[in-house]
Amino acid sequence: MKEYRNFETKVIHQGYDGKDMLGSLVPPLFQTSTYAFDSAEQGERRFSGEEEGYIYSRLGNPTVSILEEKIAALENGEKGLAFGSGMAAVSAVLIALTKANDHIICSSGLYGCTFGLLSMMKEKYNMSLDFSEMKTEYEIRNLIKPDTAVIYIETPINPTMRLIDLEMVARVAKEFGIPVVVDNTFSTPYLQRPLELGCDVVVHSATKYIGGHGDVVAGLAVGKREFIDAVRNTTLKDIGGIISPFDAWLLLRGLKTLPVRLDRHCENAEKIAWKLRIHPKIKRVYYPHDNENPDFELGKKQMKKGGGMISFDINGSKKDAQNLLNHLDFIKIAVSLGDAETLIEHPATMTHAVVPEAERKKMGITDQLIRLSVGLENWEDIWKDLEQALVRI
Ligand SMILES: *Cc1c(COP(=O)(O)O)cnc(C)c1O
């Protein structure tokens, strides 16, 4: 397959050439569950791996393959794999990398269901977990044990937007041969590429910016050829969290505009973050490229732009936070993120309600904290909607 150099061209052309598909400009949708063999012998060769080709759509599908090649190229990794949800990708990767009694080191903030998955693995398989802010090499070295199987990171950390130095963590982990997995959902490969910084595996909820239109739930993973093949043949194939061909097709459509959309998400978010910061009813704003963020310098180094997600603490109570949400006009009260529509939510009672209160407090998730996924609307309209609701609390 032809290789393209620049991101904006890759999102459109990498992994697909219409010449093989009757000139179809857009990748065709192969809505099929299975593939007929020319002969019994061909079936044997396909199953033995002697001959390449499709067998059954849980093992591979041509529309899905185009998506997998594209995401691998965008993350600058060897191979990609698509899943039916972000959690299907996270669980397939974590289960593939661990066994009973292993130790896992994670970032101090995690997506709620990833926290739930790890808690379940800990109980069922007698694993141990350590949460860390990973601010220094010393902190990481101190946590590593002989049975540490994986370091699992989200950066920016949801919802407080603290960052972890991926290059530093990867360097320490390499010394001990421990794989580093990064959930890159908030940044997408347009803003941050963990594999280029030495990390081993990237996972995504493609439901968010990659799909970008609020109409798909899907996941992706990218890593070394050998690892991705192993996941395909075990925790994807045998647990079965595959993506539907139609959802892969929708992601291919969404990806074409990823850089254009993200440029606008970031531009809008920077302006809204600045407006929030000077508003008297706002106590604190959390945004990666805000110079009040303690990780501002790292943000500049590691992320191309600050992203489309902002969190903020209001001066007031939980009731005031809920009232703010209730008084909005077009901004929608919804979890998820990365859509064209601006979405707002209350982490303590929604996305992070599953995290025990003590943990929540440690993570900086107060009852006054609000998370905003800045959409693609006119930024002044977004601000006007927020401002009129702020006046009423
Ligand atoms: C949404 C999300 C997930 C889970 O993805 P689904 O597609 O909902 O299964 C994982 N990680 C992060 C950071 C997310 O935002």
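This report describes a predicted model, taking the ligand site first, then the strands, and then selected loop and helix residues.

In this predicted model, local features need pLDDT of at least 70 and side-chain atom pairs count only at pLDDT 80 or more, while totals for chains, interfaces and linings use all residues. Residues are numbered from 1 along each chain as its sequence is written, and side-chain values use heavy atoms, with hydrogens and water left out.

**Ligand site and Lys 208**

The ligand has 13 residues around it, and those that come nearest are Gly 86, Asp 183, Ser 205, Thr 207 and Lys 208. A residue is near a molecule or strand if one of its heavy atoms lies within 4 Å of it. Three polar contacts of the ligand are tabulated below; a polar contact is a pair of N or O atoms within 3.5 Å, and within protein one atom must be able to donate a hydrogen and the other to accept it, with residues adjacent in sequence counting only if both atoms are side-chain atoms.

| Ligand atom | Protein partner | Distance |
|---|---|---|
| Oxygen atom | Gly 86, polar backbone atom | 2.8 Å |
| Oxygen atom | Met 87, polar backbone atom | 2.9 Å |
| Oxygen atom | Lys 208, N or O atom in the side chain | 2.8 Å |

On its own the ligand has 380 Å² of accessible area, and the protein covers 92% of this. Accessible areas come from the Shrake-Rupley method with a 1.4 Å probe, and for residues only the protein chains shown count as cover.

Lys 208 sits in the loop between β6 (201–205) and β7. Helices (H or I, at least four residues) and strands (E, at least two) are DSSP runs, numbered from the N terminus. The UniProt annotation "modified residue: N6-(pyridoxal phosphate)lysine", from an unreviewed entry, covers Lys 208. UniProt positions are given in the numbering used here, feature names are shortened, and annotations may be inferred rather than shown by experiment. With a relative accessible area of 9%, Lys 208 is buried; buried means under 20% relative accessible area, exposed over 50%, and partly exposed in between (1.4 Å probe, protein chains only). Not counting residues up to four places away in sequence, Lys 208 touches Tyr 111, Thr 185, Ser 336, Leu 337 and Gly 338. Contact here means heavy atoms within 4.5 Å.

**Strands**

Strand β1 (residues 79–83) is mostly covered, with four of its five residues buried. β1 pairs with strand β7 (residues 219–223) in the antiparallel sense over five bridges; two strands pair if DSSP finds at least two bridges between them. Within this pairing, Ala 82 has Leu 220 of β7 as its bridge partner.

An open sheet is formed by five strands in the order β8-β9-β12-β11-β10, with mixed pairing. Its edge strands, β8 (282–286) and β10 (332–333), each pair on one side only. Between β8 and strand β9 (residues 309–314) the pairing is antiparallel and runs over four bridges. Tyr 286 has Ser 311 in β9 as its bridge partner.

**Loops and backbone geometry**

The loop between β4 (148–154) and α7 (166–176) contains Pro 156, Pro 159 and Met 161. The peptide bond from Thr 155 to Pro 156 is cis, with omega near 0°. A cis peptide bond also joins Asn 158 and Pro 159, where omega is about 0°. Met 161 is not a glycine, yet has a positive phi of about 65°. At 1% relative accessibility, Met 161 is buried.

A positive phi of about 60° is also found at Asn 76, which is not a glycine. Asn 76 lies in the loop between α3 (62–75) and β1. This residue is partly exposed, at 46% relative accessibility.

Ala 100, in the loop between α4 (86–97) and β2 (103–107), is partly exposed with a relative accessible area of 42%. The C-alpha atoms of Ala 100 and Asp 247 are separated by 34 Å, and these residues are 147 residues apart along the chain.

**Val 231 in helix α9**

Val 231 belongs to helix α9 (residues 225–236) and is buried, at 1% relative accessibility. Leaving aside neighbours within four places in sequence, Val 231 is in contact with Leu 81, Phe 83, Ala 92, Ala 96, Leu 236 and Lys 237. Val 231 and His 279 are 48 residues apart along the chain, and their C-alpha atoms are separated by 48 Å.
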